[in-house]
Amino acid sequence: MQRRRFIASSLLSAGALALSSQSSFASWLLQPAYKFKPLRNNVGIFTEQGGTIAWLTNKDGIAVVDAEFPPQAEHLIAELKKQSEKPIEWLINTHHHGDHTSGNIAFKGIAKKVAAHANSLANQQNVAKAQKSEEKQLFPDTTFTTEWKAKVGDENIHAYYFGAGHTNGDSMIHFEHANIVHTGDLVFNRRYPFVDRTAGASVKAWITTLQKAQKQFSKDTLFVFGHAFDPEKVTGSMADLKAMENYMERLVDFVNAQIKAGKTEEEVLTATSIPGVTDWQGDGIKRSLTAAYEELSA
């Protein structure tokens, strides 16, 4: 009976397809899996696989923030070429993780310069050396420690380092005219974050870093996040930075209280939620709890 139903269903589906426009169906099959979306003032985002990319195109040049993986970076470059014949003046990395920098190599010979925080470069080099993947990297050739500025046409690009957080080398990149900031992975919007202690991350410093960012930017700033639980919500407002700060504060408070109560790491890791946090989701809560326990019990 189930087999007959399956065959009947298949025939109905085939009939429906036969009645539909063949050109429409072909177009649907050829639709890209990625999204290339303008935001405002010549700045937009690209999403496919990995950390969100921000891009700028204007009459004088192109700038890109982060690069996902090589195939995705090639898709982005193809879309940018449709927008402008101008050169890619800058590729900027928010931090070193592979889902943000593996695609750098696709920009070799295309991007004039690559910028990142000095710690981000060191982290990228260390990981590549450990993995013996140096030949697959395009390392930043321009680094900074606190701030960095560049100009592409009428857009001023300003990078800020507010301190450790997700790693010890995370930057926020501000397109000042558009008033759009790429936060990198300093904001996982409503998604449990990865805290990379092997690369100098700090749950306590992350709170301070987010507080500094909120003081630096305005209520009208549009933020681009490295990741989000809902893929449609990789952009947001100052309220989302405040929510991320609240998550980190509640994480620190909870784990500190557990440590003072004599709980072991294994006991802390049994928690399925954090008091005071209702809107963070995903399957990565143990990553946050582990990192917090290691840092706060040291």
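Mentor: Let's start with a word we'll need throughout: contact means heavy atoms within 4.5 Å. This is a predicted model, in which local features need pLDDT of at least 70 and side-chain atom pairs count only at pLDDT 80 or more, while totals for chains, interfaces and linings use all residues. Residues are numbered from 1 along each chain as its sequence is written, and side-chain values use heavy atoms, with hydrogens and water left out.

Trainee: Okay. How many helices and strands are there in the protein?

Mentor: Helices (H or I, at least four residues) and strands (E, at least two) are DSSP runs, numbered from the N terminus. Here you'll find nine helices and 13 strands.

Trainee: Which strands form the open sheet of seven, and in what order?

Mentor: Strands of a sheet pair through backbone hydrogen bonds, either parallel or antiparallel. Two strands count as paired if DSSP finds at least two bridges between them. In this sheet the order is S1-S2-S3-S4-S5-S6-S7, with mixed pairing. S1 and strand S7 (142–144) are at the edges with a single partner strand each, so each has one side without a neighbour in the sheet. On average, neighbouring strands here are turned by 20 degrees against each other, direction ignored.

Trainee: How many bridges join S1 to S2?

Mentor: Five, between S1 (residues 35–40) and S2 (residues 43–47), and the two strands run antiparallel. To find one pair, look at Lys37: its bridge partner in S2 is Ile45. Then follow the chain round the hairpin, which has two residues between the strands; Asn41 takes a positive phi near 50 degrees there.

Trainee: And where would I see parallel pairing?

Mentor: Try strand S5 (residues 88–92) and strand S6 (residues 111–117), which run parallel and are joined by four bridges. Leu91 has Val114 as its bridge partner in S6.

Trainee: Are the residues of S4 buried or exposed?

Mentor: Buried means under 20% relative accessible area, exposed over 50%, and partly exposed in between (1.4 Å probe, protein chains only). Five of the five residues of S4 are buried, so S4 is largely enclosed by the rest of the structure. Gly61, Ala63 and Val65 point one way, with Ile62 and Val64 pointing the other way. As for partners, S3 and S4 run antiparallel with five bridges, and a hairpin of two residues links them. On that side Trp55 stands opposite Val64. S4 and S5, in contrast, run parallel with four bridges, and there Ala63 stands opposite Trp90.

Trainee: Which strands does helix H3 lie across?

Mentor: For the angles, axes are lines fitted to C-alpha atoms, for helices over the stretch in contact, and they run from 0 to 180 degrees between N-to-C directions. H3 (residues 70–83) lies across S1, S2, strand S3 (53–58), strand S4 (61–65) and S5, at about 20 degrees to S3. Helix H5 (residues 118–131) lies across S6 and S7, at about 100 degrees to S6.

Trainee: What is the order of the six-stranded open sheet?

Mentor: It reads S8-S9-S10-S11-S12-S13, again with mixed pairing. Strand S8 (147–152) and strand S13 (235–236) are its edges, each with a single partner strand. S8 and S9 run antiparallel with six bridges, and Trp148 has Ala159 as its bridge partner in S9. Helix H6 (residues 203–216) lies across S9, strand S10 (172–175) and strand S11 (180–189), at about 155 degrees to S11. H7 packs on the sheet too, touching S11, strand S12 (222–228) and S13.

Trainee: What polar contact does the side chain of His158 make with Glu147?

Mentor: A polar contact is a pair of N or O atoms within 3.5 Å; within protein, one must be able to donate a hydrogen and the other to accept it, and residues adjacent in sequence count only if both atoms are side-chain atoms. The His158 and Glu147 side chains meet at 2.6 Å. His158 also has a 3.0 Å side-chain polar contact with Tyr160. You'll find His158 in strand S9 (residues 155–160), buried at 4% relative accessible area.

Trainee: How buried is Phe175?

Mentor: Its relative accessible area is 0%. Phe175 is in strand S10, and beyond its neighbours within four places in sequence, its contacts include Val43, Ala54, Leu56 and Val65.
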